[in-house]
Amino acid sequence: MLSFDEVGDLLDEIAEEFPAPLFDYLNGGVSLLPQEFSDPEAGEDVYILGEYCNDQMGRYINIYYGSFAALFADEPWSVWQEELRATLAHELTHHVESLAGDHSLEDMDAAWLLETRV
């Protein structure tokens, strides 16, 4: 399993792959948080890997190390890399859509989460 620090370094490297303008107005940046995040009403293997936030604190992205660890503990580095890249891309899409006043992906995520609830 990758450590919190290893995932932090990997996330920094992945973020550098994205064009800098995608991070415009993301005044809170991208944070790796240690906890796992799940929906208590969803199935037991449903974890939230990342979250785009737009609130009184600003616009920011949280990536949840604990959720990655719960799902990918036994997976190789390449799987962590692929999933981190996909999660960051997903959350950046939320950011760009939010700036444009579009909430299509947010609606799709809410519908998916509703489907997972037991």
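Two strands count as paired if DSSP finds at least two bridges between them. Keep that rule at hand for these exercises on a predicted model.

**Exercise 1. Work out how the strands of the sheet are arranged.**

*Step 1.* Start with β1 and β3 (residues 58-64): four bridges join them, and the two strands run parallel. The rule asks for at least two bridges, so β1 and β3 pair. For one place to look, find S31, whose bridge partner in β3 is N62.

*Step 2.* Now add β2. The order across the sheet is β1-β3-β2; this is an open sheet of three strands with mixed pairing.

*Step 3.* Which strands stand at the edges? They are β1 (30-33) and β2 (50-55). Each has a single partner strand, so one side of each is left without a neighbour in the sheet.

*Step 4.* Finish with the twist, which averages 25° from one strand to the next.

**Exercise 2. Find the helices that lie across β1 and β3, and say how enclosed α2 is.**

*Step 1.* Helix α1 (residues 4-17) lies across β1 and β3 and runs at about 165° to β1.

*Step 2.* Helix α2 (residues 65-72) also lies across these two strands, at about 30° to β3.

*Step 3.* Look along α2 for buried residues: Y65, G66, S67, F68, A69 and F72. That is six of its eight residues, so α2 is largely enclosed by the rest of the structure.

*Step 4.* What do these buried residues pack against? Their partners are α1, β1, β3 and α3 (77-100).

**Exercise 3. Trace the largest nonpolar core and the place of F68 in it.**

*Step 1.* Some background helps: in soluble globular proteins, nonpolar side chains tend to be buried together.

*Step 2.* Here the largest nonpolar core has 20 residues, and those touching the most other members are V7, I61, I63, F68, W80, L84 and L88.

*Step 3.* Two or more residues of this core come from each of α1, β3, α2 and α3.

*Step 4.* Follow F68 outward. Leaving aside neighbours within four places in sequence, F68 is in contact with L49, I63, A73, W80, E83, L84 and T87.

**Exercise 4. Decide whether H94 is buried or exposed.**

*Step 1.* Locate H94 in helix α3.

*Step 2.* The relative accessible area of H94 is 10%. Buried means under 20%, so H94 is buried.

*Step 3.* Not counting residues up to four places away in sequence, H94 touches Y52, L105, E106 and D109.

Key:
Residues are numbered from 1 along each chain as its sequence is written. This is a predicted model: local features need pLDDT of at least 70, side-chain atom pairs count only at pLDDT 80 or more; totals for chains, interfaces and linings use all residues. Side-chain values use heavy atoms; hydrogens and water are left out. Axes are lines fitted to C-alpha atoms, for helices over the stretch in contact, and angles run from 0 to 180 degrees between N-to-C directions. Contact means heavy atoms within 4.5 Å. Buried means under 20% relative accessible area, exposed over 50%, partly exposed in between (1.4 Å probe, protein chains only). A nonpolar core is a set of buried Ala, Val, Leu, Ile, Met, Phe, Trp, Tyr and Cys residues joined through side-chain atoms within 4.5 Å.
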